[in-house]
Amino acid sequence: EDIVLTEKVIYCLTAPYLENGKWQASKLYEYNIDSETTKNINLGNITLARSLTYSKAKGLYVNVLPTFSYKWFEEYNNGLWVNEYGGIYHYVDGELKMIFENNEGVFYSTFTQNGKLYATNTYGEVYVIDDKGSKVLIDGLFNVKKYMFFI
């Protein structure tokens, strides 16, 4: 699903897949380039991790879509939508900690050079996120591309 290369580590995120009506969760791996070892990072309750963001100053972030049940696919037209665990998680001290909850799910996020974190959810809303919370900058661009760039 996504890959991030740092000076000493490669983070690799696998896509979830549906098997016999149940989601098999995304997996996140950390490969240490120096020691040539691979570590599986526990994603806990996260099933549908979407993408990764990395900042040299702040570390690794995992962008997560809400967990959908198989029933959601069967009853899509009836509006059943299971919203759990969507948002952005920060990987700190071997643990994932939610820093931004968004039950529409964070599709992608990126840092600017001054360290501000921006994210877009699956409805095309663009947020800026900092220590004080989050703020919607753009509301409802339904066809936002995956990648956001700031110059």
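These legends walk through several views of a predicted model, starting with the whole chain and then moving to close-ups.

**View 1. The whole protein chain, mostly a story of strands and one helix.**
Let's begin with the parts list: the secondary structure of the protein chain comes to one helix and 14 strands. The chain has 151 residues, and 40% of them are buried. On the outside, the protein chain exposes about 9,300 Å², with carbon and sulfur atoms supplying 48% of that area. As for contacts in the chain with a separation of 6 or more, 36% come from residues 24 or more positions apart.

**View 2. An open sheet built from strands 1, 2, 5 and 6.**
Here four strands line up in the order 1-2-5-6 to make an open sheet, and the pairing is antiparallel. Which strands sit at the edges? Those are strand 1 and strand 6, and each pairs on one side only. Going from one strand to the next, the twist averages 20°. As a bit of background, strands of a sheet pair through backbone hydrogen bonds, and they can do so in parallel or antiparallel fashion.

**View 3. Strand 1 and strand 2, a hairpin up close.**
Zoom in on the start of the chain, where three residues link strand 1 to strand 2 in a hairpin. The two strands run antiparallel and are joined by four bridges, with strand 2 covering residues 9-13. Two of the facing residues are easy to pick out: Val4 has Tyr11 of strand 2 as its bridge partner, and Asp2 stands opposite Leu13 in that strand. Now look at how the side chains of strand 1 (residues 2-5) take turns. Asp2 and Val4 point to one face and are buried, while Ile3 and Leu5 point to the other face and are not.

**View 4. Strand 5 and strand 6, with Glu36 in the turn.**
This hairpin has four residues between strand 5 and strand 6. Five bridges hold the antiparallel pair together, and one of the matches is Glu30 with Lys39, its bridge partner in strand 6. The residue to find in the turn is Glu36, which lies in the loop between strand 5 (28-32) and strand 6 (37-41). Its phi is positive, about 55°, although Glu36 is not a glycine. Is Glu36 buried or exposed? With a relative accessibility of 60%, Glu36 counts as exposed, because the cut-off for that label is over 50%.

**View 5. Asp93, another loop residue with a positive phi.**
Move along to the loop between strand 9 (87-92) and strand 10 (95-101), and you will find Asp93. Asp93 is not a glycine, yet its phi is positive, near 50°. The relative accessible area of Asp93 is 73%, so this residue is exposed.

**View 6. Asn103 in the loop before strand 11.**
Follow the chain on to Asn103, which lies in the loop between strand 10 and strand 11. How far apart in space are Asn103 and Gly87? They are 6.6 Å apart, C-alpha to C-alpha, while 16 residues separate them in sequence. Asn103 is partly exposed, with a relative accessible area of 24%.

**View 7. A second open sheet, made from strands 11 to 14.**
Toward the later part of the numbering, four strands form an open sheet in the order 11-12-13-14, with antiparallel pairing. Strand 11 (106-111) and strand 14 (133-138) stand at the edges; each has a single partner strand, so one side of each is left without a neighbour in the sheet. The twist here averages 25° from one strand to the next. In the middle of the order, strand 12 (residues 117-121) and strand 13 (residues 126-130) run antiparallel and are joined by four bridges. One residue match to look for is Thr120 with Val126, its bridge partner in strand 13.

**View 8. Aromatic rings, and Arg50 over Phe107.**
This last view is about rings. Where does Arg50 lie with respect to Phe107? Arg50 lies over the face of Phe107, at 4.2 Å from the ring centre. Rings also pair with one another in this model, and the count comes to three aromatic pairs.

How values were computed:
Residues numbered from 1 in each chain as written. Predicted model: local features only at pLDDT ≥ 70, side-chain atom pairs only at ≥ 80, totals over all residues. Heavy atoms only, no water. Pairing = 2+ DSSP bridges. Axes fitted to C-alpha atoms, helices over the stretch in contact; angles between N-to-C directions. Buried < 20%, exposed > 50% of the residue type's maximum accessible area, 1.4 Å probe, protein only. Phe/Tyr/Trp six-rings, centres within 6.5 Å; stacked < 30°, edge-to-face > 60°. Lys NZ or Arg CZ within 6 Å of the ring centre and 35° of its normal. Contact = heavy atoms within 4.5 Å. Areas by Shrake-Rupley, 256 points an atom, 1.4 Å probe, with all protein chains shown as cover.
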